[in-house]
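Hi everyone, thanks for coming. Let me put the sequence and the structure up, and then we'll walk through them together.

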Protein chains: 2
Amino acid sequence: MSPNPVTDLGTYLKEQRQQAQLSLRQVADRAGISNPYLSQIERGLKRPSAEILQAIAKGLAISAEQIYVHAGILEAAPDGEVVIDTRQVIKNDPRLTDKQRKALIDVYDSYVGD
Amino acid sequence: MSPNPVTDLGTYLKEQRQQAQLSLRQVADRAGISNPYLSQIERGLKRPSAEILQAIAKGLAISAEQIYVHAGILEAAPDGEVVIDTRQVIKNDPRLTDKQRKALIDVYDSYVGD
DNA sequence: GCATTTTGCTAACTGTAGTTAGCATACTTG
DNA sequence: CAAGTATGCTAACTACAGTTAGCAAAATGC
């Protein structure tokens, strides 16, 4: 989590917009949201949904993931490391039967202590 | 975007909960959200914020990113399937000792036939 | 069998995300 | 200079996210 995701987000969005030399209304139009709402978001008055953030990303022509990080929705990847949930990976492995998945997870759990 | 993110999400969350053999109330308590709300989410009646999804992830002991994909917040890895190598994931799991990793991989290999 | 607890859900409610109408100010153009 | 346009914002509003109180049914334990 960012120390202060809402202020961080708004500041970041405003910076991106200014760098792109776009007005608040231009970005709002391109994003398909109301310009007063974008203004409120930039000033940290409102906390937008991920869907709105996706739309803003489109309006600013930047990746949604970048914005999510500032919004506290995603952790920034530390040095490209992705923390992967082993249990989940086993569950989703198409090469295993349901029984095998369960068995493997039971073994895993016995090791990990869950 | 998933074809139907809301239904997909609810179905997915219910499946995960049932797999974990937890009641709706148990997950809601662990997530710190109201149980009627979790029920509504599972049945596709409400669209939760990313923050709620993070909380549910915690309650289910699964990664938030998995949930985000089903909620349409994150894309699944582009170019269709990114095959996650279960073997590699086990090898890299910091919760396991070397011995445990080897043992788990041996079991996996016996199932998969490699 | 019965009392108690657990379970998932409904209905009413509160708080706020997101929009519309419109304002004041700054900028542009003829 | 005046009219028109662009800009960021305010206030009032609607829709819905998320909660509380409580119900019926199922499960549990004595």
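So, which residues are closest to DNA strand D? Before I get to that, some ground rules: this is a predicted model, where local features need pLDDT of at least 70, side-chain atom pairs count only at pLDDT 80 or more, and totals for chains, interfaces and linings use all residues. Residues are numbered from 1 along each chain as its sequence is written, chains are lettered from A and ligands numbered from 1 in the order in which they are written, and side-chain values use heavy atoms, with hydrogens and water left out.

Okay, strand D. The closest residues are A:Leu24, A:Arg25, A:Asn35, A:Ser39 and B:Tyr37, out of 19 that surround the strand. A residue is near a strand if one of its heavy atoms lies within 4 Å of it. Of the atoms of DNA strand D that come within 4 Å of the protein, sugar and phosphate account for 53%.

Which elements supply at least two residues each to the surface near DNA strand D? In chain A they are helix H2 (24-31) and helix H3 (35-42), and in chain B helix H3 (35-42). Helices here are DSSP runs (H or I, at least four residues), numbered from the N terminus.

By class, that surface near DNA strand D has seven nonpolar, six polar and six charged residues. For the classes, Ala, Val, Leu, Ile, Met, Phe, Trp, Tyr, Cys and Pro count as nonpolar, Asp, Glu, Lys and Arg as charged, and the others, Gly among them, as polar.

Now zoom in on the phosphates. A:Ser39 has a polar side-chain atom 2.5 Å from a phosphate oxygen of DNA strand D. For A:Arg43, a side-chain N or O atom is 2.8 Å from a phosphate oxygen of that strand, and for A:Arg17 a polar side-chain atom lies 3.3 Å from one. These are polar contacts, meaning a pair of N or O atoms within 3.5 Å.

Over to strand C. It has 19 residues around it, and A:Tyr37, B:Leu24, B:Arg25, B:Asn35 and B:Ser39 come nearest. Sugar and phosphate make up 53% of the atoms of DNA strand C within 4 Å of the protein.

What does B:Asn35 reach on DNA strand C with a polar side-chain atom? A base nitrogen, at 2.6 Å. Phosphate oxygens of DNA strand C come in too: a polar side-chain atom of A:Ser34 lies 3.0 Å from one, and a polar side-chain atom of B:Arg17 lies 3.3 Å from one. H3 of chain A, together with helix H2 (24-31) and H3 of chain B, give two or more residues each to this surface.

Last bit: how the helices pack. Two packed helices are described by the angle between their axes and the distance between the axes. H2(A) and H3(A) pack at about 110°, with their axes 8 Å apart. Axes are lines fitted to C-alpha atoms, for helices over the stretch in contact, and angles run from 0 to 180 degrees between N-to-C directions. H2(A) and H3(A) are therefore roughly perpendicular to each other, a label for 65 to 115 degrees. On the H2(A) side the contact (heavy atoms within 4.5 Å) is made by A:Leu24, A:Arg25, A:Val27 and A:Ala28, and on the H3(A) side by A:Asn35, A:Leu38, A:Ser39 and A:Glu42. Remember A:Leu24, A:Arg25, A:Asn35 and A:Ser39 from strand D? Thanks, that's my bit.

Technical notes. A polar contact is a pair of N or O atoms within 3.5 Å; within protein, one must be able to donate a hydrogen and the other to accept it, and residues adjacent in sequence count only if both atoms are side-chain atoms. Angles under 35 degrees count as roughly parallel, over 145 as roughly antiparallel, 65 to 115 as roughly perpendicular and the rest as oblique.
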